[in-house]
Amino acid sequence: MPSKEIYVREYTVRAHKREIHTRVFKFICKQCDQPTERETYGPRPLYCEQCRPPQAPKKSPVPLKKRKPRPMTYQSDES
């Protein structure tokens with residue numbers, strides 16, 4: 001079973017490399033009806049890479065850090 005190392009960006013854990021197990025599927029594309037093969041780590045694909053190219057990784061929204069409330073400041077009436 002082919003494997004490859006991928007880079008995992010930092011989100012709630014430190015960034016690290018992870019080994020994922022991939023498989024090469026040989027199938028007939030549902031759109032263009034051509035025999036093809038495609039490497040994937042998920043379920044069996046339905047379309048070839050020309051009909052449905054791999055999507056770029058989605059950017060997850062970075063959670064905003066909560067600020068500490070500012071202390072209340074009062075101006076004196078002295079002038």
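The exercises below concern a predicted model of one protein, each with a worked solution. Residues are numbered from 1 along each chain as its sequence is written, and side-chain values use heavy atoms, with hydrogens and water left out. Local features need pLDDT of at least 70, side-chain atom pairs count only at pLDDT 80 or more, and totals for chains, interfaces and linings use all residues.

**Exercise 1. Elements and confidence**

State how many helices and strands the protein has, and which element has the lowest mean pLDDT.

Solution.
- Step 1. Helices (H or I, at least four residues) and strands (E, at least two) are DSSP runs, numbered from the N terminus.
- Step 2. The protein has 0 helices and 4 strands, and the order from the N terminus is β-β-β-β.
- Step 3. pLDDT is the predictor's confidence in each residue, from 0 to 100. Its mean over the protein is 82, and 86% of the residues reach 70 or more.
- Step 4. Among the elements, strand β1 (residues 3-8) has the lowest mean, 83, while β3 has the highest, 93.
- Step 5. Where pLDDT is low, the predicted coordinates should not be read in detail.

**Exercise 2. The salt bridge**

Find which residues form the salt bridge, and where they lie.

Solution.
- Step 1. A salt bridge is a side-chain nitrogen of Lys or Arg within 4 Å of a carboxyl oxygen of Asp or Glu.
- Step 2. Searching the whole structure gives 1 salt bridge. R38 pairs with E49, and their closest N and O atoms are 3.9 Å apart.
- Step 3. R38 is in strand β4 and E49 in the segment after β4, so the pair ties together parts that are 11 residues apart in sequence.
- Step 4. Buried means under 20% relative accessible area, exposed over 50%, and partly exposed in between (1.4 Å probe, protein chains only). R38 is buried at 14%, whereas E49 is partly exposed at 39%.

**Exercise 3. T40 and T22**

Describe the surroundings of T40, and say which side chain T22 joins by a polar contact.

Solution.
- Step 1. T40 lies in strand β4 and is buried, with a relative accessibility of 18%.
- Step 2. Contact means heavy atoms within 4.5 Å. Not counting residues up to four places away in sequence, T40 touches T22, R23, F25 and P45.
- Step 3. A polar atom of the T40 side chain lies 3.2 Å from the backbone nitrogen of G42.
- Step 4. T22 is in the loop between β2 (16-21) and β3. T22 is buried as well, at a relative accessible area of 1%.
- Step 5. The side chains of T22 and E39 are joined by a polar contact of 2.7 Å. A polar contact is a pair of N or O atoms within 3.5 Å; within protein, one must be able to donate a hydrogen and the other to accept it, and residues adjacent in sequence count only if both atoms are side-chain atoms.

**Exercise 4. The backbone at D33**

Give the sign of phi at D33, and decide whether D33 is buried or exposed.

Solution.
- Step 1. Most residues other than glycine have a negative phi.
- Step 2. D33 is not a glycine, yet its phi is positive, about 55°.
- Step 3. D33 is located in the loop between β3 (23-28) and β4 (35-40).
- Step 4. With a relative accessible area of 54%, D33 is exposed.
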